[in-house]
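Reader: I would like a close look at one part of this model, namely its cysteines, with the cut-offs behind each term spelled out. Please then set that part beside whatever else can be said of the structure.

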Amino acid sequence: MTKMADSEGEKKLPCAQRFLKSLFGDFDDDIVEKKPASDSKVEPGDQESDESKENDRGKWGSAAEFVLSALGYAVGLGNVWRFPWMCWKNGGGAFLIPYFIMLAFAGLPIFFMEVILGQYGGVGPNKLFELSPIFKGLGVGMIAISFFSSLYYNVVITWALYYMFSSFTSSLPWVGCDQKWNSDLCFDNTAEIECEQYSNGTSTGAVYLFRECYNASVVALGKFIEEFNNTIAGKKQTLPDESKIPAAEEFFNQKMYRQNYLDGDGYNTGVMRPMEDVGAPKWDITLTLLFSWIVVYLCMLKGIKTSGKVVYFTATFPYVVIIILLIYGATLDGAKEGVKFYLTPNFTKLGTPEIWVDAAGQIFFSLSVGMGGLMTYASYNQFNNNILRDTLIVSLGNCFTSILAGFPIFAILGFMAKQIGKEVPDVVTSGSALAFIAYPEVVSKMPAPPFWSIIFFFMLITLGLDSQFAGIEVMITTVVDSKPKLGNYKPVISGVICLVMFIITLNMTCDAGIYWEELINYYSGWSLVLIGFAEVLVYGWAYGAERILDNVEEMLGWKFNRFGWWYFRILWKVITPLLLLAIVIFNFIDTSDLSYGSYVLPKWGQAIGWIVALIPIILIPVYSVLVIIYDKMCYPNTGESLFQRIGRLTQPSEKWMSSQERYGEKSPAITNHAVRKDLEGEDNVAYTQSNAKITMLSF
């Protein structure tokens with residue numbers, strides 16, 4: 001009877017109000033007109049049923065599952081390819097200075113804040129903003145970032161799968177320059193050494209040039225290139241060192257993708273394909289992409305109940321491989337120069353806004369803050385889990401992994417630079433593809449190359465899956481938190497999400513699909529800093545840094561000493577917001593067009609990128625306006641001015657409560673003794689009209 005009455009009452013709502021209700025889920029439970037509790041008859045069975053469905057949401061099997069999942073989420077492909085790429089792009093060791101500053105004053109405070117609120121409320125980002133309903137759009141913006149990030153992230157997992165499958169052969173396909181996809185600029189160091197071999201200290205006179213070995217007689221006759229003299233040096237000048245392209249780079253760009261046009265016989269013409277001519281999906285990488293989404297689906301079949309067990313392996317295995325590569329990389333010729341570039345700061349870079357923006361973006365990307373995944377994972381914790389301990393383990397462990405992974409990759413870059421006669425910064429020019437060019441090169445030099453190639457790319461797959469789990473879990477949790485009755489249909493929800501995202505990412509498997517991957521990668525990361533800035537304003541000021549610290553005491557049973565209390569309060573309310581605001585301003589001032597190697601993406605492509613970057617941000621004011629309109633429609637006669645209404649909507653709604661109260665797990669913990677005095681004042685009254693109840697809080 002109760003459900004029937006609710007259904008009939010909803011039909012009586014105006015059309016516009018029903019539309020807004022569909023946007024905000026059960027947000028209106030706090031404000032729409034309804035009968036007093038004393039007049040409504042609720043069957044005991046109904047209450048237990050609803051509560052049991054809420055409890056079906058699930059919990060981690062142990063505290064270790066959360067730590068490993070959060071560590072796996074933070075320690076992902078970004079530590080292996082994005083962090084070294086950022087160092088390479090920003091002058092090596094110079095990048096480490098802003099990186100650690102951003103970690104201390106931006107990344108770690110926001111990380112701690114997100115896991116506190118996620119664990120306390122026991123809900124994902126779409127419901128978390130019951131703590132400040134007018135900013136519900138911030139939670140939706142986080143979900144949007146998770147969606148965009150999961151799109152390109154699974155493409156990177158697809159790359160790793162493609163390389164691993166290609167490694168099941170006696171000879172790795174990215175070794176040598178004798179394939180159709182290779183251009184005349186392809187360089188193979190092994191072939192050059194074999195061609196220009198020395199006998200008793202005397203050169204044979206042969207020249208390795210344009211993928212061919214020309215013997216001494218051809219060179220002497222001058223039948224090769226007429227405009228140059230007959231000396232070996234003259235012939236070599238036709239291909240300067242800076243024009244040489246490693247064979248592994250051409251495998252990535254021309255075999256896996258098809259960045260250059262092919263001639264009628266299928267050979268590489270060397271003419272680059274523009275973004276507007278994206279081409280058709282390549283069948284091999286498309287099937288690999290489909291397989292990667294199937295793997296993600298199987299691992300997420302039952303949400304955290306499945307992924308929580310998988311992470312015991314996926315979160316630990318990568319460390320074994322990284323250490324092996326570190327040891328082997330240290331033995332390579334030229335490794336010292338690569339590591340020197342990694343550790344030696346170029347202080348002139350510190351004066352450019354780009355390095356600070358990249359450092360902030362890398363911290364957000366690496367720690368995975370601002371995307372909703374951390375608060376989603378934390379929402380499955382036990383209420384009294386030690387989140388301070390977990391924050392330190394995950395954040396410091398993540399940064400340690402980034403730095404550790406940088407050593408083998410820069411040792412490899414130093415080796416490659418020595419082989420082809422380039423400087424370390426000039427070895428690779430393909431951005432986020434760095435790990436798929438540098439690492440395959442060194443793997444090919446190891447004993448039993450196919451075996452080590454399979455192991456390495458399997459490691460990349462495990463790194464990627466850990467992070468991808470959280471992105472998909474954010475979307476699953478969004479659906480289940482909005483409609484708890486769907487909790488038993490997680491396999492179906494997961495399947496629909498993976499299928500939709502597979503279809504969307506098909507354009508990244510086309511001939512020029514790499515441009516689209518780079519576009520989503522770059523611009524979705526750009527909006528993370530803006531989301532982080534909005535987060536600290538909402539959490540630190542609207543909800544209140546003091547209230548967050550009270551939540552910590554309620555969960556853990558102890559409170560920070562005076563120094564810790566002031567430390568986090570100043571960080572959350574002053575230092576972190578100002579630091580992120582400066583980064584946002586610098587980013588706007590010194591924004592340059594996105595490029596991939598030497599190719600600058602067209603203006604229309606950049607415009608699409610900005611749309612991707614701004615969607616999560618625009619959702620915040622759009623939802624704020626809709627919340628105000630909805631509140632006014634549902635409750636028009638409060639006597640409040642617009643500013644009073646907005647002030648009320650910035651404060652926690654009655655639905656904001658601890659996870660213990662929300663799910664009825666047990667009686668709530670002892671109320672915080674450090675309650676602020678103004679919470680006890682007479683201004684905090686309940687306003688009742690037309691049998692509807694809202695809470696008006698004055699601070």
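Author: C177 and C186 are both buried, where buried stands for under 20% relative accessible area, exposed for over 50% and partly exposed for the range in between, computed with a 1.4 Å probe on protein chains only. These two cysteines are joined in a disulfide with an S to S distance of 2.1 Å, the term being applied to a pair of cysteine sulfur atoms within 2.5 Å. The structure holds 1 disulfide, and because the torsion about the S-S bond of C177 and C186 is about -70°, this disulfide is left-handed. C299, by contrast, is in no disulfide, and the nearest cysteine sulfur, that of C498, lies 10.0 Å away. With a relative accessible area of 13%, C299 is nevertheless buried, and C634 is buried as well, at 5%.

These values come from a predicted model, in which local features need pLDDT of at least 70 and side-chain atom pairs count only at pLDDT 80 or more, whereas totals for chains, interfaces and linings use all residues. Residues are numbered from 1 along each chain as its sequence is written, and side-chain values use heavy atoms, with hydrogens and water left out.

The pLDDT, which is the predictor's confidence in each residue on a scale from 0 to 100, averages 78 over the protein, and 78% of the residues score at least 70. It stays under 50 over residues 1–11, for which the model has 6 contacts beyond four places in sequence, a contact meaning heavy atoms within 4.5 Å. The pLDDT also stays under 50 over residues 667–699, where the model has 68 such contacts beyond four places in sequence.

Beyond the cysteines, helix α6 covers residues 96–121 and reaches 35 Å from its first C-alpha to its last, close to the 38 Å expected, a span taken as 1.5 Å times one less than its number of residues. Helices here are DSSP runs of H or I with at least four residues, numbered from the N terminus. Since 21 of the 26 residues of α6 are buried, this helix is largely enclosed by the rest of the structure. G122, whose phi is positive, near 70°, follows α6.

In another helix, α21 (residues 449–482), one finds F458, which counts as partly exposed at 30% relative accessibility. Not counting residues up to four places away in sequence, F458 touches M164, F313 and F317.

Technical notes: Helix = DSSP H or I, 4+ residues; strand = E, 2+ residues; numbered from the N terminus.
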